[in-house]
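Hi,

Here is the structure I promised to pass on. Have a look at it first, and then read my notes underneath.

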Amino acid sequence: MDAPHVVGGPAPAPGRAALEVSPLPGRPGIRARGEISVLTRPSWEQALSELARRHADVSYVELSDVAFVDVAGVTALAVTAMNLPDGKVVVENPPPQLPRVLEMFWPGLDRIEVAL
């Protein structure tokens with residue numbers, strides 16, 4: 001994951017969603033910017049696959065610049081975490097719906113830690 005994945009281009013047209021995902025500097029993980037929805041899901045799932053491939057013990061997902069994540073985007077994150085051989089994913093500064101969706105559909109999922 002050397003270059004950011006961009007869906008919708010750097011300046012999306014009105015009504016189009018964009019997602020940029022890049023590696024976190026200095027620690028294992030990714031930073032996402034934009035929106036995680038049906039239009040950007042392929043890029044999100046590709047980034048999560050790469051995260052899982054490189055996972056050691058703890059991987060970080062920094063989401064402070066994500067305005068929205070839909071239920072399918074949270075599902076992709078939960079499935080990725082559940083399929084890790086060990087360790088966990090720490091999700092930092094997610095949009096407010098992400099922890100609610102995790103609690104609703106995956107209560108007690110200890111492979112994901114949410115840090116607000």
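Let's start with a salt bridge: Asp-65 pairs with Arg-33, and their closest N and O atoms are 3.6 Å apart. This pair links distant parts of the chain, with Asp-65 in strand β4, Arg-33 in strand β3, and the two positions 32 residues apart. One thing to keep in mind as you read on: this is a predicted model. Asp-65 is partly exposed, at a relative accessible area of 41%, and Arg-33 also counts as partly exposed, at 32%. The two belong to a network of salt bridges that links Glu-20, Arg-33 and Asp-65.

How many salt bridges are there by this rule? The count comes to eight. As a reminder, side chains of opposite charge can pair when their charged atoms come close. Two others from the set are worth a look. Glu-50 and Arg-54 meet through their side chains at 2.4 Å, N to O. They are four residues apart in helix α1, so about one helical turn separates them. Is Glu-50 buried or exposed? Glu-50 is buried, because its relative accessible area is 15% and the cut-off for buried is under 20%.

The other one is Lys-88 with Glu-113, where the closest N and O atoms are 2.5 Å apart. Lys-88 lies in strand β5 and Glu-113 in strand β6 (residues 112-115), so this pair ties together parts that are 25 residues apart in sequence. Lys-88 counts as partly exposed at 27% relative accessibility, and so does Glu-113 at 34%.

Now the overall layout. The protein has three helices and six strands, and along the sequence they follow the pattern β-β-β-α-β-α-β-α-β. Of its 116 residues, 44% count as buried. If you take the contacts between residues at least 6 apart in sequence, 59% of them join residues at least 24 apart. The accessible surface comes to about 6,000 Å², and 55% of that belongs to carbon and sulfur atoms.

Next, the inside. The largest nonpolar core has 27 residues, and Trp-44, Val-61 and Leu-77 have the most contacts inside it. At least two core residues come from each of β2 (19-23), β3 (29-36), α1, β4 (58-69), α2, β5 and α3 (97-105). Which of these gives the most to the core? That is α2, with five residues. If you click on Val-61, you can look for its contacts beyond four places in sequence: Ile-30, Trp-44, Leu-51, Leu-77, Val-89, Val-90, Val-91 and Glu-92.

Helix α1 is a good one to check by eye. It has 14 residues (41-54), which at 1.5 Å a residue should span 20 Å, and its end C-alpha atoms are indeed 20 Å apart. Its buried residues are Arg-41, Ser-43, Trp-44, Ala-47, Leu-48, Glu-50 and Leu-51.

Thr-80 sits in helix α2 and is buried, with a relative accessible area of 14%. Leaving aside neighbours within four places in sequence, Thr-80 is in contact with Leu-48 and Ala-52.

Ala-52 turns up again with Leu-84, which is placed in the loop between α2 (71-82) and β5 (88-92). Leu-84 counts as buried, at 6% relative accessibility. Not counting residues up to four places away, Leu-84 touches Ala-52, His-55, Val-89 and Arg-111. Between Leu-84 and His-55 there are 7.8 Å in space, C-alpha to C-alpha, for a separation of 29 residues in sequence.

Two last spots. Asn-93, in the loop between β5 and α3, has a positive phi of about 55° although it is not a glycine. Asn-93 is partly exposed, with a relative accessible area of 34%. And on the outside, Val-71, Met-104 and Phe-105 make a nonpolar surface patch of about 320 Å². Met-104 belongs to helix α3 and counts as exposed, at 61% relative accessibility.

Over to you, and happy browsing!

Definitions and conventions: Residues are numbered from 1 along each chain as its sequence is written. This is a predicted model: local features need pLDDT of at least 70, side-chain atom pairs count only at pLDDT 80 or more; totals for chains, interfaces and linings use all residues. Side-chain values use heavy atoms; hydrogens and water are left out. Buried means under 20% relative accessible area, exposed over 50%, partly exposed in between (1.4 Å probe, protein chains only). Contact means heavy atoms within 4.5 Å. The expected span of a helix is 1.5 Å times one less than its number of residues. A nonpolar core is a set of buried Ala, Val, Leu, Ile, Met, Phe, Trp, Tyr and Cys residues joined through side-chain atoms within 4.5 Å. Patches are made of residues with over 30% relative accessible area and no salt bridge: like charges are joined within 9 Å, nonpolar side chains (Val, Leu, Ile, Met, Phe, Trp, Tyr) within 5 Å. Accessible areas come from the Shrake-Rupley method with a 1.4 Å probe; for residues, only the protein chains shown count as cover. A salt bridge is a side-chain nitrogen of Lys or Arg within 4 Å of a carboxyl oxygen of Asp or Glu.
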